[in-house]
Amino acid sequence: MSNNNYILRVTVDENLCVGAGLCVLSSSDVFDQRDEDGVVKLLQEYPDQASYEKVLGAARKCPSKAIKVEQVNGDAP
Amino acid sequence: MSVVPEHVVIVGGGQAGHQAASSLRDEGYVGRITLVGEEPQLPYQRPPLSKAWLAGGLNDGDVHLETEDWFAVNHIDHWRGERVVGLDRAARRLTTGGGETLGYDHLILATGARNRPLPLALEGIAGVLSLRSLADATALQTQLAGARQVVIVGAGFLGLEVATVIRASGIDVQVVEATGRVMSRALGEQMGLALYARHQLQGICFHFNRRVVGITHAQGRASAVQLDDGQQLAADLVLVAIGVQANAELAVQADLATDNGVVVDAFLQTADASVSAIGDCACFTHGFDEGARWRLESVQNAVDQGRYIAGRLMGREEPYRQVPIFWSEQAGCRLQMAGVAAGDDLEVPCGDAHSEGFSVLRYRDARLVGVESLNRPADHMAARKLLLRGLSPALEEARQPGFDLRTWLASAAALQA
Ligand SMILES: Cc1cc2nc3c(=O)[nH]c(=O)nc-3n(C[C@H](O)[C@H](O)[C@H](O)COP(=O)(O)OP(=O)(O)OC[C@H]3O[C@@H](n4cnc5c(N)ncnc54)[C@H](O)[C@@H]3O)c2cc1C
Ligand code: SF4
């Protein structure tokens, strides 16, 4: 359930990621890095509302713009 | 025991300065933070300016590190468009170009670096540009719209990234380089050659071991670049990308040591305990490399030093110690570097330089000091772990055909456990 009438959906592009790890610094609940090559690992496609601000921050700070956050209507599946 | 300062002032609102402010709040610092930056924008990141932003896929807002609200929510006083011009250490006070004064309990210099100009008199010649800031990038993008022939001076990471983007849009690109190969400061010979081959495939033309001695202009606009062997390269746009110099004027003025940047110790502190320096402007004693002094220019360095300084001001006492990493996107490849291999004496290739992915191990005195990887992120990640733990594969082993860094790391880790 969400209080707003939208939720955020996160996607990552593994081909763009350079393994800088800045996303993990912003929000380690939602992002991790694969142990073998440092490429981003998405832990939550539909993160909790409490982490929205940090997730948006992670998308902004990612130097290779590998993280996309989009608003979708309704509740997480 | 150190006392947590009441008012931290950070000069420079770039990647390092922003990170220090952000990390101070993450660490629970409740004192006053003032971030003073000369640029008019919100803090932003520079890497996309020579890559995705220049290629046209991003807005200015996409490179901002924070929104306006963030500063209010986190109680960070952000002075924009304000240049600090005076530092009085005895009074612990700064003055700005706008005539304001600002006292501090701890001062963090995060003033970054600026592009080195060509040592030629070029005043009044339009069409000669450099790239460091969002304003520079905007000017470059605007002028590229009408350009047909571009000459880039300097085959460092910046020049080559821009060359890649420009070439992809069908414009003619020639690169003039004073040394004998691409990225000769950052990369070893073998990786340099591998990259060079890929740039040639894109149709970029190189002039090595050549210096620019003049720029011909017609009606105040650049029309050709003159080289020291007499060649004239026709150009309607010239990009100067010959490296940077640290912004260390405040330290000089305040009698703090400088040497290729603001000199700081392994705690990123100057000789004055209330002044630290981080990021591109700081020349620091590295815990790793037997006390060698480094000044690095990378996002990782800016971010990790920003985080470190916040922790130190909150009372943590260990020295700064992070494996330096860098990446670049050029000629359609992802290049990643771990460690600092300056002064190395031996290179061991892993894989085939002509294949899609390729790495080079760089040794000094038979010890691994850096790894360069082209489209081989797994090698890069293994290298970071290995360098952090001070592990080094023996030369004989690394030279075996089929040697794999990741496999080696796994077995070394198993042995240590
Ligand atoms: C086009 C480009 C592409 C890059 N690509 C990569 C990459 O792919 N990977 C990578 O790791 N690194 C890359 N870098 C390097 C990386 O961006 C820098 O290392 C990083 O920005 C350094 O951060 P900083 O905060 O130390 O310095 P800066 O980001 O330079 O910030 C310093 C700020 O301080 C301000 N300032 C200076 N003096 C004063 C003063 N007296 N008063 C007030 N303000 C002042 C400056 O205006 C500036 O805004 C790139 C750099 C550029 C320019
Ligand atoms: S910040 Fe971006 S580039 Fe870095 S690990 Fe995360 S997704 Fe990858």
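# Exercises on a predicted two-chain model

Of the 77 residues of chain A, 44% count as buried (under 20% relative accessible area, with over 50% exposed and partly exposed in between; 1.4 Å probe, protein chains only). The model is predicted: local features need pLDDT of at least 70 and side-chain atom pairs count only at pLDDT 80 or more, whereas totals for chains, interfaces and linings use all residues. Residues are numbered from 1 along each chain as its sequence is written, chains are lettered from A, and side-chain values use heavy atoms, without hydrogens and water.

**Exercise 1.** Determine the pattern that chain A follows along the sequence.

*Solution.* Step one is to list the elements: chain A has two helices and four strands (DSSP runs numbered from the N terminus; helices are H or I with at least four residues, strands E with at least two). Step two is to read them in order, which gives β-α-β-β-α-β. Step three turns to contacts (heavy atoms within 4.5 Å): of those in chain A between residues at least 6 apart in sequence, 64% join residues at least 24 apart.

**Exercise 2.** Describe the surroundings of B:H380.

*Solution.* First, locate the residue: B:H380 belongs to helix α10 (residues 377-388) of chain B. Next, assess its exposure: a relative accessible area of 2% makes B:H380 buried. Finally, set aside neighbours within four places in sequence; B:H380 then contacts B:I325, B:Q336, B:M337, B:A338 and B:S373.

**Exercise 3.** Classify the aromatic pairs B:F284 with B:W294 and B:Y308 with B:Y320.

*Solution.* Begin with the whole structure, in which a search over all chains finds eight aromatic pairs (rings of Phe, Tyr and Trp, the latter by its six-membered ring, with centres within 6.5 Å; planes under 30 degrees apart are stacked, over 60 edge-to-face and the rest tilted). For B:F284 and B:W294, the ring centres are 6.4 Å apart and the planes stand at 80°, so the pair is edge-to-face. B:F284 lies in strand β20 (residues 282-285) of chain B and B:W294 in strand β21 (residues 293-294) of chain B, so this pair ties together parts ten residues apart in sequence. B:F284 and B:W294 are both buried.

For B:Y308 and B:Y320, the centres are 5.5 Å apart and the planes at 75°, so this pair is also edge-to-face. B:Y308 sits in helix α9 (residues 299-313) of chain B and B:Y320 in the loop between α9 and β22 (325-330) of chain B, so parts twelve residues apart in sequence are tied together. B:Y308 and B:Y320 are buried. As a last step, B:F284, B:W294, B:Y308 and B:Y320 are assigned to one aromatic cluster.
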